[in-house]
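Open the model in your viewer and keep the selection tool at hand. The stops below give what to select and what is there.

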Amino acid sequence: MFRALDRTELVIVDCRAASTDVFLRYLKTIDLSSVLGMMEARLTLLMPVNHEADSLDQIQRVVEELSDKASYVVIRNHVHGDSFTLYDRSAVRVRILKKLGGKEITMTRMEEWLVEGLNRENLTVTASAGHPIFYLLDRQRLLSWQRKLYAEIESAAGLLLPGQSSAQPSNARTERQPV
């Protein structure tokens, strides 16, 4: 992950579910603060949350360990439902948003048959726009979902993209490739 920073200024690492302990152990072992300082880099963590206590626990543990050594974007993931009561009432949410300058973005639920079709054909949402496996209105659903997600990402651009400001107009970078 850090070697990639020799070639580019933005590295995205997707950790497997429930990898918090491995992730935190690794960052402690390398002395994250020193590494970030030497590289003149910053770490932004995108952390999904849903209705389950475990997703909140994962976020709490990361924030307790890393505190202000990282920036935070919490992804309100609607895939399993629309209730975020545990997270909404949590002290860690207040800490992330008020004390650590974090952001929240929303990822709406995509219809199951669309997810299954994308997975079956190994397609991104962008690639599905011209693929015959999806009917016209399903392609439109996918593109609409993607536009909503991109708008959410734009709202947190200052934390997600090097040299970007969240204050830029939302149409400033509409031709970006899929996330």
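Select L160 together with L10, R42, T44, L46, V73 and I153: leaving aside residues up to four places away in sequence, these are the residues that L160 touches. The model is a predicted one. L160 itself belongs to helix 9, residues 157-160. Its relative accessibility is 16%, so L160 counts as buried, the cut-off being under 20%. Now add Y72 and look at the C-alpha atoms: L160 and Y72 lie 9.2 Å apart in space, with their positions 88 residues apart in sequence.

Next, select helix 2, residues 32-39, and show the side chains of L32, V35 and L36, which are its buried residues. Turn the view to look down the axis of helix 2: the buried residues fall within an arc of 95°, and therefore line one face of the helix. To see what covers them, show helix 1 (20-29) and helix 3 (53-66), which are included in that cover. Then step to E40, just after helix 2, where phi is positive, at about 50°.

For the last stop, select helix 6 (residues 112-121) and helix 8 (residues 136-155). How far apart are the axes of helix 6 and helix 8, and at what angle do the two pack? The axes are 11 Å apart and the angle is about 90°, so helix 6 and helix 8 are roughly perpendicular to each other. By class, four nonpolar, two charged and no polar residues make up the contact of helix 6 with helix 8. On the helix 6 side, show W113, L114 and L118; they meet D138, R141 and L142 of helix 8.

Terms used:
Residues are numbered from 1 along each chain as its sequence is written. This is a predicted model: local features need pLDDT of at least 70, side-chain atom pairs count only at pLDDT 80 or more; totals for chains, interfaces and linings use all residues. Side-chain values use heavy atoms; hydrogens and water are left out. Helices (H or I, at least four residues) and strands (E, at least two) are DSSP runs, numbered from the N terminus. Buried means under 20% relative accessible area, exposed over 50%, partly exposed in between (1.4 Å probe, protein chains only). Contact means heavy atoms within 4.5 Å. The arc is that of the directions from the helix axis to the C-beta atoms. Axes are lines fitted to C-alpha atoms, for helices over the stretch in contact, and angles run from 0 to 180 degrees between N-to-C directions. Angles under 35 degrees count as roughly parallel, over 145 as roughly antiparallel, 65 to 115 as roughly perpendicular and the rest as oblique. Ala, Val, Leu, Ile, Met, Phe, Trp, Tyr, Cys and Pro count as nonpolar, Asp, Glu, Lys and Arg as charged, and the others, Gly among them, as polar.
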